[in-house]
Amino acid sequence: MSIPKPTLTALAALAVGLGGLSVAMIFFVAPVDSDQGLTQKIFYVHVPIALTAYAGFGLGAWKALRLLMTREERYDLESYTGVHQGTIFGVLTLVTGAIWAKASWGVWWTWSSDQLVLFLVLFLFYCAYFMLRFSIEPGPRRERISAVYALFGVALIPVSFFAIRLANDFIHPTVFTREGPQMTGVMFAAFCVSWVAISLVAYVMYRAELAGKRTDANLRELREALAS
Amino acid sequence: MPLGVVVDAAASPGAAPMQELRRVTDSLVTTATHVIRVESLEKRYGERTVLRNVGFAVRRGETHVVTGPNGSGKTTLLRLLVGLAAPSRGIVEVSLDRARVGYVGHESLLYAELTALENLDLYGRLYRVPERRERVGMLLERFGLWEARAQRVGSFSRGMSQRLALCRALLHEPELLVLDEPYSALDADGAALLDHELAAPDRASTVVVATHEPERLDPVATGRLVLGAR
Amino acid sequence: MNGYLGDVAALARKDLKLELRARDTLPAMVLFVLATLVVFHFALPADAGDDASYGLLWIALVFTALLGLARAWAPEREAGALDGLVLAPSDRSAIWLGKTLATLAFLAAAELVALPAFALLFAPLDLGAVAGVALASLGICAVGSLVAAMAAAARGREVLLPLLFLPLAIPLVVGGVGASIADDPSRYLAFLGLYDAVFAILSWAAFEYVVTE
């Protein structure tokens, strides 16, 4: 007896379910933070979103490497979709980070959060990815150049992070400190559920977008073949 | 016969190994005599299909002429042969590495601000041409460019540039010469020189030429490929 | 000099020769960096400290480098010479290395003018600052040559190049400014060295994939 692979619909349903569970846990199970109150709850969403963004960029880079190694066309769409999802979640990271900053300290932006600054840099980098990709004629050239750029992206992540850390010494002294939350067991559980839910949502979105793009490509090929 | 062909399942068990051996030997012999093998070649740029289901083979020493109307993909095919483009589908097999292939494209591939000598010297260096100076000088003379050797290529006429491009392609004594409409930019003298090159009895190389005037190559052509219009 | 390094040398020499004849890129870079420094004088408020001016130096350097990088592959674009280089049996990465070294030479020449000018007009530069400039220039040219080759394959390449280059240049600016400001620049110089190593190797290995199909 073999276990059937879960369909996309099933995964989506699971994601919605887990999402609901995590919302419930965040608001009703996890304790309210003594310092920041309700606004601290954004942490349960903001950090998993950031981690998911990293995962997207990582996936994009891995598929890019596979493309360069094997020349198989399918990796190009997979790499692109990975980067695209990573960018979407990257923007969400910036947005949730801004909301958190506004709710906590009254400003929409602060340079003192290394992670936020890193995401700003990455946002610029990956926006340029799309500009680059769509300025090149579709074909093997575009695939390879996109792949190389995606690989540069993941190299940039740690290097930028070090740079931002170093820059803290001479750029705006830290006025706001964000404590790394010491998580109790319950908080950790809520965090994990939220993380799994968000990762699942991202995965479903990735698969959906990939399927959509593949269908587009097949349609175009068919149309081309019929026209000639 | 391509390498790696599927063994015919219908053959009797005892005969199968012999058949397979024969197929492999055939294909080895093929590779030994064929410089170029193209099979089911398809080239797409995004949605545009430039080449579809192209197949041909070129033996050592042949002069293969490629013709077809504008837009039929002659330039693309030649770029695929030399490795400047990769096939979308199908096989392009050239049994020579880059060092033994010479190419003349639509553009001259030369640096306008360098002199003829400097251009050839650079390519001679990159192609590890032995006795570079002598060979460069010999080719410049052969193509009537010796007097202009110290002139900026930017000041050359189109015919002169094309002649210099031919020098560049022949510099390393290539075993395969791929020419994309070489006559279109050549002046009368240059065209005569090229005719002479192609007809030379001691010419060691295989040649693939894309052209609008196939009649010109009738005396030397040994094979033809006509690309269909879209 | 034979083999790989010989190819690199021949290619770099070719670029130097081309610039010597055409003389369009280097004078523009030198003039640009001087003009930028003058503009910065008027852009700085009266009470701005030295630290701010070091920041502006680095902005000037990055944008001057961009100017040079925009023209880096221009000779190869005319008459399709890049195809000629790619067809040659030499390693494609040699093309990148030759171009990087030549671009570095031009940037260094511009800096030879820019740094004394800066020291004269704004604030003194110590050994740490100069070492920072040297190390960062390496990184700028290594990454810049590759990214410029990418942009060369695209439409709208003049606009695209800065967009591709600037995010990658941010760590270099951090390292460079830090080396200029800090009492002990060694951390920043080490970081610049790390950047150079990582991205030079990446660019060296990846160039082949950028120029071939």
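Student: In this predicted model, what covers the buried residues of helix 6 of chain A?

Tutor: Helix 6 of chain A covers residues 185-227, and its buried residues include A:Met187, A:Phe191, A:Ile198 and A:Tyr206. The cover over the buried residues of helix 6 includes three other helices of chain A: helix 1 (8-29), helix 2 (43-70) and helix 3 (74-105).

Student: What distance does helix 6 of chain A reach from its first C-alpha to its last?

Tutor: Helix 6 has 43 residues. At 1.5 Å a residue, 63 Å is expected. The model comes close to that, with a reach of 62 Å.

Student: Which helix of chain A gives the largest share of the side that touches chain C?

Tutor: In this pairing, 27 residues of chain A are in contact with 29 residues of chain C. Two helices of chain A, helix 4 (114-133) and helix 5 (140-167), each supply at least two residues of the side touching chain C. The largest share is 16 residues, and it comes from helix 5 of chain A.

Student: How many residues on the side of chain A that touches chain C are nonpolar?

Tutor: That side of chain A also holds two polar and three charged residues. The nonpolar residues there number 22.

Student: What is the radius of gyration of chain C?

Tutor: Chain C has nine helices and zero strands. For its 213 residues the globule rule gives 17 Å, and the chain is close to this, so it is as compact as a globular protein of that length. Its C-alpha trace spans about 55 × 35 × 35 Å along the principal axes. The radius of gyration of chain C is 17 Å.

Student: In chain C, what percentage of contacts between residues at least 6 apart in sequence join residues at least 24 apart?

Tutor: Buried residues make up 50% of chain C. Turning to its contacts, those between residues at least 6 apart in sequence are the ones considered here. The share joining residues at least 24 apart is 80%.

Student: Which strands stand at the edges of the open sheet in chain B?

Tutor: The sheet has five strands in the order 5-6-7-3-8, with parallel pairing. Each edge strand has a single partner, so one side of it is left without a neighbour in the sheet. The edge strands are strand 5 (101-104) and strand 8 (223-226) of chain B.

Student: Which residue of strand 6 of chain B stands opposite B:Gly102?

Tutor: Strand 5 and strand 6 (residues 176-180) of chain B run parallel and are joined by four bridges. Opposite B:Gly102, in strand 6, stands B:Leu177.

Conventions. Residues are numbered from 1 along each chain as its sequence is written. Chains are lettered from A and ligands numbered from 1 in the order in which they are written. This is a predicted model: local features need pLDDT of at least 70, side-chain atom pairs count only at pLDDT 80 or more; totals for chains, interfaces and linings use all residues. Two residues are in contact if their C-beta atoms, placed from the backbone, lie within 7 Å. Ala, Val, Leu, Ile, Met, Phe, Trp, Tyr, Cys and Pro count as nonpolar, Asp, Glu, Lys and Arg as charged, and the others, Gly among them, as polar. The radius of gyration is taken over C-alpha atoms; the globule rule is 2.2 Å times the number of residues to the power 0.38. A residue is buried if 20 or more other C-beta atoms lie within 10 Å of its own, exposed if 12 or fewer, and partly exposed in between; C-beta atoms are placed from the backbone. Two strands pair if DSSP finds at least two bridges between them. The expected span of a helix is 1.5 Å times one less than its number of residues.
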